[in-house]
Structure formats: structure tokens, C-alpha cells
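Reader: I have a protein model open and I keep stumbling over the vocabulary. Could we go through it together?

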Amino acid sequence: MTPFKGKLRTRHLEIVLTVGDLGNLSKAAAQLNCTQSSLSRAVAEIEDLVGARLFERTVKGTTCTPLGLAMCRHARQLLSGYRKAEVDLAALVRGEAGSLTVGCFTLFSGWPVAEAALRFRENHPRIVLSVEVGTHERLIEDLDAGSLDILISRFASTVNPQIYRSVTLMQDAVVLTCAPSHPLVGQPDATLSNYLAHPWIAALPSSRIRGELEFALRRLGLPIPRMVGALSLEFGREMMRAGQDLWLLPGSVARVWEARGELHVLPVLPPVKPSPLAAIWRRDRPSNRQMRAFATQIARVIQRSPQAQGGAGA
């Protein structure tokens, strides 16, 4: 590989990352607002610059070589750093005190994160706050790339403590919920087998919780219920209201919503291990005042909620 210091441009990084993510030159060209032929020339120029192939062209599209994968990873980190710098500098120019970008696992984006964000904004009005909501897996990638400062999510066994620091906010079981008008509400002696006769709104098929749930049910000799995989609070709420679906939720969130009269928490727990809710950041990026302040606000919201605390150890 030839040295490319001073020759590699931001546009080159955007091209490599877009082609790598989409795996298709035509789609990448459309996203980058250029023609496919000009994009092909740009890719060839970048490959000439680094002195090796970044992509393999096949009849099915474009795939990254090992070098291409490495360059995509570095491009994502560098571009995230540029964007973060732009936000921070723009905030300082406006007379603000900087920025904080929080990643939030979808099912915690209402309670407790929204309440914590309100309180953080009141106490730190000069900090520009952004909240990115998504799956744990995607948010960890964003945290690695530097586009997130801190992540509020379940601390799963797949999170390497050698790479990530964390502060445990609470232990949290997974529970099953239903609409207050659901027939199961009037059956306090119903068993897990009774629950399985109804359709469920559950975790995504590729998730740890979904895999653990299905494995445990098979081991118990129980059938797998009809499940829709979804991590949307709006979708789950509407599905539960409109039909007979049971909804798999974090116990803390479910009990807060139950106290508001929005759902009913069923007494029998699904066979899924509890896992802690945590504030997570990378060890190679020291925590700053804003990150610690947001984690503190989350912890205070949880401590002030007797409903959540009542279910945290369930």
C-alpha cells in the first residue's frame, strides 16, 4: 500500500462507506447523487490510491475485500468524528457549551429516557442534546464509530467489559403484558401454556432474547406462539389495543405503563433471563461531565419510580 496522507479526502471515505454498506454501485450512485460511471471511476481512483482492491464486483453486486471491510470501519469512525466535531463547534459558535449524543435501546425511549432528557435539558440548557433510538446491535456499532457518546441499553453478555465501561441502572426482568380488556386479565390462575395460545409481539428473530425464549420453550416441551418481531413502542401499543396480542416488554417499562392504566402485566414470567439496564461508553473515550450528568438523571428517574423499582428484581 502506498502512503496516502494528504490525498485521502472526506468524499473518498463517503464513497467507500456507501458502496460497502449498499453493496450495489447503482444504488450507491443514486445516494451519492452521481452517475454509476463516475462512481466506478472514483472507486478505481481510491483503490489506486491505497494500492489494493477494496471491492469485488460480481453479478449479484459489490462485496468488500478484507481491506475494504477495514477501510469501511475506519471511514465510519472518521466520518462520525467529523460530524461530531461539526455539532460541537456549531454549538460553541452559538454560545452553547457543547453537545451530547445519547443512544437509546428502543423499548426504553419513552420511560425512562424521555423523562431523563427533559430533566437534563432543564439543568443543562446550553448543551445540545440528541437522542438516537434503535436496536442494541446497531447502537453499539454507532458507539464504536464515535457517533454516540453514551448508550442506554441492556448490558448483555456480548458486551465486552474490556472495551466498554458501564454503570448498572437497575436489574430488569422481561414480562408479558396485555390490554386491560384482554380475557387473561380475568384469569389470574392462567399458566404459561395459556399465554402461548395467544399471539405475541416479541423481540426481533435475530435477537438474543428471541433466541433464548424459543430455546427455553422447546426445552420445556411447549409450542412456540405466533410472534410478530417488533421493537416499536407505537406498533406494539396499537397491536395490543386492536387484538388479543400479548406484548413482551422490559418489566420496569411495563409497570410504569400499567400504573398509567395503559396495559396489564401478566403474573407468569416468560422463560427469559433478566439483564441489567446500563449506561455504556467506551473505555478508550473517557466520560465527560455531560455523559455523567445524563447517566445521573436516568438513575434519578428510576429511583423516583416506585412502579419500576417494584418490578426491577422480578
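Reader: Which residues touch the most other members of the largest nonpolar core?

Author: This is a predicted model, by the way. The largest nonpolar core has 42 residues, and Leu100, Ile150, Ile152, Phe294 and Ile298 touch the most other members. Helix 11 gives the most to this core, namely eight residues. Domain 2 (96-171 + 276-304) and domain 3 (174-273) each supply at least three residues.

Reader: What makes the set with Leu13 another core?

Author: A core is a set of buried nonpolar residues joined through side-chain atoms within 4.5 Å. The set of 20 residues that includes Leu13, Val16, Leu17 and Met71 lies apart from the largest one, so by that rule it counts as another core.

Reader: Why is strand 3 called largely enclosed?

Author: Buried means under 20% relative accessible area. Seven of the seven residues of strand 3 (residues 99-105) meet that, so the strand is largely enclosed by the rest of the structure. Ser99, Thr101, Gly103 and Phe105 point one way, Leu100, Val102 and Cys104 the other way, and all are buried. That fits a general pattern: in a regular strand the side chains alternate between the two faces of the sheet.

Reader: How do you know that strand 3 pairs with strand 4?

Author: Pairing takes at least two bridges. Strand 3 and strand 4 (residues 128-134) are joined by seven, and they run parallel, so they count as paired. Leu100, for one, stands opposite Leu129. To get from strand 3 to strand 4, the chain passes through helix 5 (residues 113-123), and this β-α-β crossover is right-handed.

Reader: What makes strand 5 a partner of strand 3 too?

Author: Use that cut-off again: at least two bridges. Strand 5 (residues 150-154) has three with strand 3, in the parallel sense, so the two pair. Here Val102 has Ile150 as its bridge partner.

Reader: How do you know that the buried residues of helix 5 line one face?

Author: Val113, Ala116, Ala117 and Phe120 are buried in helix 5. Looking down the helix axis, you find the buried residues within an arc of 100°, so they line one face. They pack against strand 3, strand 4, strand 5 and helix 11 (289-303).

Reader: And how much of the protein chain is buried?

Author: Of its 314 residues, 47% are under the 20% cut-off, so they count as buried. The chain has twelve helices and twelve strands.

How values were computed: Residues numbered from 1 in each chain as written. Predicted model: local features only at pLDDT ≥ 70, side-chain atom pairs only at ≥ 80, totals over all residues. Heavy atoms only, no water. Buried < 20%, exposed > 50% of the residue type's maximum accessible area, 1.4 Å probe, protein only. Helix = DSSP H or I, 4+ residues; strand = E, 2+ residues; numbered from the N terminus. Right-handed = clockwise from strand over helix to strand, strands pointing away. Arc of directions from axis to C-beta. Contact = heavy atoms within 4.5 Å. Domains from an automatic or database assignment.
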